[in-house]
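Grab your favourite viewer and a coffee. Below is a set of short exercises, each with a solution worked through in steps.

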Amino acid sequence: MSSQPSAGPSQQMTWSLACLTLVVGIGGSLQYGLHISIINSPSKYIQHFMNQTWMDRYGLHFSQETVTFLWSLTVSIYSIGGLLGALLSGHLCVKYGRKRTLLCNNLVAILAAVLMAISRRVGSFEVILLGRMLYGVNAGVGLNSHIMYIAECAPLKLRGMITVSASLFIAVGKLIGLAFGLSEFLSSEAAWPLLMASSGLPALLQLVTLPFFPESPRYLLIDMGDKEGCLKAMLQLWKGRDHTAEMIGMMEERKAINGAKPKGVVDLLRDHSVRRQLIVLLLVCGAIQFIGVNVVYFYAYDVFQNAGIAGSQIRYVSLGMAITEIFTIILCGSMIECFGRRTLLLGAYTLITVTLGLLTATLTLQDVYSWMPYISTLLIFIFILSFGLGPGGVSCPLPTEIFLQSYRAAAVTLHGFLNWLGMFVLGLGFPFLVEWLGTYCFLIFLVYCLLMAVFTWMCVPETKGKTMLEIMEAFRHLNFQRWKKETDPEKNDFSIFATKL
């Protein structure tokens, strides 16, 4: 049985840990959120540039279908780059370490920013496509590396709150992209290359500040066997506070792994001993795109317009939606160590299910009753609040908590890959889904959220305040249902419950 770290001075946020959280977030998941939102505002200028470039080269204009195709490719190639980056992230983080991977990854973003900045000067829309793909690679590597690095730098009692910061920076990135995209700022015919190159700044900031922080203590001790380096890293991050219990927990985990090398995604898929963890990863974290958050954002414009908000003002309401998401993720971070991951997921899935049902009804009836769009607007904000408070926040720490060190890189890699794949598939098929089902498309996401509420209640154990070995023990009961009385008597109640699932 692993030792449980006591809640004490070592579990308080230190200035060094807070600064690391900020630095990692700036060049990590913030880039992912930034490029989701920043591409929309300059769309008409980039499409015009593509057409003009072709005209300058060959004296011919693109057809409207060709322009639409090139723009769709510009948007979707980001997800293709993200898929590639997510697949590379696990190998890079294991071979070169979390910190070094993040540092080198900034060079990719800076290169992409340079390409975006010179695209109009060199008269090449192909450069924009290459830059977007490189941005995707940067975001795919950065998001996964961010989650692993920051989770492994946090003490146990702050692990959930610190790792939720990855979701927070995604939301902040979306907000910055929306703000920069306003015509009052960089969204203009003259300034759109600078807008598209703006990701170079956070990459540069992380590149010059991250070297002042240590590598992940868990990576140093468990993967590299560097006990002295681990102690030094903990002293720097936690400023001399008691770290004995944390060290004992890591040593016990290293002993349990018994020198096993970090596993790959194929090993993760084949190993029956982590099958329950894999199912949780696939359904709760990997399928998060199927909650329907992007569909709600899509319908928001029509809802706000029907509510009487002027078209020129809707973009500011969209900023309000992004601020709401940031607020709820901060709320999730403040509550996650009090209520736990399982409780937040269960409550959020239940509320989202009810909200999607009501939203389907109000959108269907919004042309019948003049006051219905106001109800739809309220439901949209309730949905965003529920998403940020539950899956939007919890999906970042959960993959790092339910797998031992040897499987963590593979688990986060698979999580990132499925997230990007879901975004790509949903983005590709969403227009057809809306055309086929209309407002009833929400029912598909409603069914998913309802099933996830039931699944969370029955099959997801709480990870709050538990060491990795204690979490593995809980899953072991779920994996081996016949194994009951041979275990620690204190855990027999959970074992009996698990065997009934």
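The exercises go from the overall fold to helix pairs and then to single residues, and the model they use is a predicted one.

**Exercise 1. Work out how many helices and strands the protein has, and what share of its residues is buried.**

Step 1: Start with secondary structure. The protein has 25 helices and 0 strands.

Step 2: Turn to burial. Of the 501 residues, 55% count as buried.

Step 3: Look at how far apart in sequence the contacting residues are. Taking contacts between residues at least 6 apart in sequence, 82% link residues that are at least 24 apart.

**Exercise 2. Describe how helix α5 packs against helix α10.**

Step 1: Get the geometry. Helix α5 covers residues 98-122 and helix α10 covers residues 200-209; their axes come within 8 Å and cross at roughly 150°.

Step 2: Classify the angle. Anything over 145 degrees counts as roughly antiparallel, so α5 is roughly antiparallel to α10.

Step 3: Add the handedness, which is left-handed for α5 passing α10.

Step 4: List who touches whom. From α5 come L102, L103, N106, L107, A109, I110 and A113, and from α10 come G200, A203, L204, Q206 and L207.

Step 5: Sort that contact by class. You get 9 nonpolar residues, 3 polar ones and no charged ones.

**Exercise 3. Do the packing analysis again for α5 and α6.**

Step 1: The axes of α5 and α6 are 8 Å apart, and the packing angle is about 160°.

Step 2: With that angle, α5 is roughly antiparallel to α6.

Step 3: The α5 and α6 crossing is left-handed.

Step 4: Now the classes. The contact of α5 with α6 has 18 nonpolar, 9 polar and 4 charged residues.

Step 5: Zoom in on one residue of α6, N138. N138 has a relative accessible area of 1%, so it is buried. Beyond its neighbours within four places in sequence, N138 contacts Q31, N105, N106, V108 and A109. Two of these names should ring a bell: N106 and A109 also turned up in the contact of α5 with α10.

**Exercise 4. Find the orientation of α3 relative to α4.**

Step 1: Helix α3 (residues 43-58) and helix α4 (residues 64-96) have axes that come within 10 Å and cross at roughly 120°.

Step 2: The roughly perpendicular range is 65 to 115 degrees and roughly antiparallel needs over 145, so α3 and α4 are oblique to each other.

Step 3: The α3 and α4 crossing is right-handed.

Step 4: At the contact, S43, I46, Q47, M50 and N51 in α3 meet V67, L70, W71 and T74 in α4. By class, these residues split into 5 nonpolar and 4 polar, with no charged ones.

**Exercise 5. Decide whether helix α2 is mostly covered or mostly open.**

Step 1: Count buried residues. Helix α2 spans residues 29-37, and 8 of its 9 residues are buried, which leaves the helix mostly covered.

Step 2: Name them. The buried residues are S29, L30, Q31, Y32, G33, L34, H35 and S37. Q31 is also one of the residues that N138 contacts.

**Exercise 6. Place P155 and L358: where does each lie, and is each buried or partly exposed?**

Step 1: P155 is in the loop between α6 (125-153) and α7 (159-163). Its relative accessible area is 0%, so P155 is buried.

Step 2: Check a partner far off in sequence. P155 and M13 are 142 residues apart in the chain, yet 9.0 Å apart in space from C-alpha to C-alpha.

Step 3: L358 is in helix α18, residues 341-365. L358 has 45% relative accessibility, so it counts as partly exposed.

Step 4: L358 and S376 are 18 residues apart in sequence, with 8.3 Å between their C-alpha atoms.

**Exercise 7. Work out how many disulfides the structure holds, then check on C285.**

Step 1: A disulfide is a covalent bond between the sulfur atoms of two cysteines. The structure holds 0 of them.

Step 2: For C285, the nearest cysteine sulfur belongs to C396 and is 8.6 Å away, and C285 is in no disulfide.

Step 3: Finish with accessibility. C285 is at 0% relative accessibility, so it counts as buried. C230, at 0%, counts as buried too.

Note on methods:
Residues are numbered from 1 along each chain as its sequence is written. This is a predicted model: local features need pLDDT of at least 70, side-chain atom pairs count only at pLDDT 80 or more; totals for chains, interfaces and linings use all residues. Side-chain values use heavy atoms; hydrogens and water are left out. Axes are lines fitted to C-alpha atoms, for helices over the stretch in contact, and angles run from 0 to 180 degrees between N-to-C directions. Helices (H or I, at least four residues) and strands (E, at least two) are DSSP runs, numbered from the N terminus. Angles under 35 degrees count as roughly parallel, over 145 as roughly antiparallel, 65 to 115 as roughly perpendicular and the rest as oblique. A crossing is left-handed if the near helix is turned anticlockwise from the far one by less than a right angle, and right-handed if clockwise. Contact means heavy atoms within 4.5 Å. Ala, Val, Leu, Ile, Met, Phe, Trp, Tyr, Cys and Pro count as nonpolar, Asp, Glu, Lys and Arg as charged, and the others, Gly among them, as polar. A disulfide is a pair of cysteine sulfur atoms within 2.5 Å. Buried means under 20% relative accessible area, exposed over 50%, partly exposed in between (1.4 Å probe, protein chains only).
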